[in-house]
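Here is a short set of exercises to work through with the model open in your viewer. Try each task yourself before reading its solution.

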Amino acid sequence: MSTILSKPVDLADSGEQPGPQSPRKRLLLVSYHFPPVGGAGVQRPVKFVKYLKQFGWDVSVLMAANPSVPVFDNSLLVDIPEGTHLEKARTWEPDYALKKNMAQKHDGPRKTSLLSPLKSTCKKAVKAGAGLLLQPDAQILWYPNALKAGKQLLKRMPHDAILATAPPYSNLILASKLKRLFHLPLISDFRDEWDLSSKYLENHQKDHLSDLIQTRLQKKVMRHSDAIVATTKASTQRLLDRAEQFGAAPVGQCIYNGFDPDDFDTPTDVSRPYSPENGRRFRIVYTGTLWNLTTIQPLVRAIEAVHQSQPALLKHLELQVIGRKTPEQRELLQRLDQTDCTLILEDYCAHHEALKKMAAADALCLLLSDVEGADRVAPAKLFEYLAIQKEILSITPAGETADILQDFWPEGNFRASETGKLASWLTDRLQGQTVTPMPHPEKMNQFQREHQAGQLAELLNQLVHNQI
């Protein structure tokens, strides 16, 4: 199933006209998730597609025609350039609503009977068996149709390189196969490290056999990748070390996530600065998923500490949490019901709406749990937080995120164990302490999506040149 946005692709009429020494090139981007699919993981591939065009690269996108996903966001379609070729393949996964409904049934109260233990054992066995079959992830059910569609596309339209972004890691398996069939340079783009996802993702099969299968699949991908791209310097190095263990020697490149100035072309919030006397609350906004890698527990503890020392202050505090929350995280947030803090919980909202809510904040909350590997993570929302230029309250381990924030908002940078310091920060803000403006805002230019697309284009040009 092919789609051409607005008009057919004409390589002689595809944006800026290249000179005779610089013919336009074409990239195949393998991305199961792509607009109108919503969520943070879609931002990176769609912004690559948006800006690669001005660096001489047109893009074809191999995507799921019926993705089994929780959210859609049609506002993201505006970022797809006219003439972008969208190649869609159906997945055999069940609809997401059905999957969610089944999970809720399994998690809900059960009637007990003499057969209940047997039924429970059978369900666990079926779930474990399905987990072993669906490797590296459930999106492997997209692989057969996507491989067929990818082969047909590459046969009828010349391409110069392939890029696959993950998770899901099935994208990398698919792209690796297409690379072997068509001998095109392959870039594997890791938005998250494969091993970290295997360790922390919910519902991920965690057993020795699954680990062996995942390791073998990762080894195959590494060996067929001409380049590995990751979203932090530390992750890039870790993945290169992993590749070396597998006997592979791909090129490595760190390309951070970032922000698109076009997303901020509307005026930012101009409400009065907070003070205890002006009748409005000090608003902290968190956007994104709350789960075991981004636990809200340190902030809850700090609010509880303020409640113990100066409970009346919390009537001035409003905490907005926007995005999916695991049951464990919801339980943590429920503890705030015992305080005078105003808690506003929302599920996913469209990207442009989330940006408006961020702009209306007095402080933006960034969370990373203090667990192994988190020091190599830089959440995608960090860079949009920076672009909004509102104070950031970060609770992260020492590592790359903390280092980046040190250049911009050093006063609000805490470790999870520093409950007392967090409570003092909250107390100061609720009492109306003046906030120092962001130092060195010019340093943010390195995180613009256009700049990062230029980095990717340079890497693509290098790989294509090396293959000639």
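**Exercise 1. Confidence**

Task: Find how many contacts beyond four places in sequence the model has for residues 121–128, where pLDDT stays under 50.

Solution: Start with residues 121–128: with pLDDT under 50 throughout, they have four contacts beyond four places in sequence. Next, look at residues 106–110, where pLDDT also stays under 50 and the model has one such contact. Finally, set these stretches against the whole chain of this predicted model: its mean pLDDT is 89, and 86% of its residues reach 70 or more.

**Exercise 2. Helix α4**

Task: Check the length of helix α4 (residues 143–156) against 1.5 Å a residue, then work out what covers its buried residues.

Solution: First, the length. The expected span is 1.5 Å times one less than the number of residues, so the 14 residues of α4 should span 20 Å. The C-alpha atoms at the ends of α4 are 20 Å apart, in agreement with that value.

Second, the burial. Using under 20% relative accessible area as the cut-off, you should find Tyr143, Ala146, Leu147, Ala149, Gly150, Leu153 and Leu154 buried in α4.

Third, the cover. Over these buried residues of α4 lie elements including the strands β2 (25–30), β3 (57–64) and β4 (85–89), along with helix α5 (170–182).

**Exercise 3. The two sides of α8**

Task: Decide which residues of α8 are buried and which are exposed on the other side.

Solution: Begin with the helix itself: α8 has 13 residues and reaches 19 Å from its first C-alpha to its last, close to the expected 18 Å. Now list the buried residues of α8, which are Ser235, Thr236, Leu239, Arg242 and Ala243. These buried residues lie on the same side of α8, because they cover an arc of only 125 degrees around the axis. Turn to the other side of α8, and Lys233, Glu244 and Gln245 are exposed there.

What do the buried residues of α8 pack against? Their partners are β6 (186–190), α6 (194–200), α7 (208–224), β7 and β8 (251–254). Just after α8, Gly247 takes a positive phi of about 80 degrees.

**Exercise 4. Thr232**

Task: Locate Thr232 and decide whether Thr232 is buried or exposed.

Solution: Thr232 sits in the loop between β7 (227–230) and α8 (233–245). Its relative accessibility is 0%, so Thr232 counts as buried. Leaving out residues up to four places away in sequence, Thr232 touches Cys254, Tyr256, Arg376, Val377, Ala378 and Glu400.

**Exercise 5. Backbone exceptions**

Task: Locate the cis peptide bond from Gln135 to Pro136 and the one from Pro167 to Pro168, then examine the positive phi of His183 and of His440.

Solution: Keep the background in mind: most peptide bonds are trans, and most residues other than glycine have a negative phi.

- The bond from Gln135 to Pro136 is cis, with omega near 5 degrees; Pro136 belongs to the loop between α3 (116–133) and α4.
- The bond from Pro167 to Pro168 is cis, with omega near 0 degrees; Pro168 lies in the loop between β5 (161–166) and α5.
- His183, although not a glycine, has a positive phi of about 55 degrees. The loop between α5 and β6 holds His183, and with 57% relative accessibility His183 counts as exposed.
- His440 is not a glycine either, and its phi is positive at about 55 degrees. His440 is placed between α14 (419–430) and α15 (449–467), in the loop, and at 41% relative accessibility His440 counts as partly exposed.

Definitions and conventions: Residues are numbered from 1 along each chain as its sequence is written. This is a predicted model: local features need pLDDT of at least 70, side-chain atom pairs count only at pLDDT 80 or more; totals for chains, interfaces and linings use all residues. Side-chain values use heavy atoms; hydrogens and water are left out. Helices (H or I, at least four residues) and strands (E, at least two) are DSSP runs, numbered from the N terminus. Buried means under 20% relative accessible area, exposed over 50%, partly exposed in between (1.4 Å probe, protein chains only). Contact means heavy atoms within 4.5 Å. The arc is that of the directions from the helix axis to the C-beta atoms. pLDDT is the predictor's confidence in each residue, from 0 to 100.
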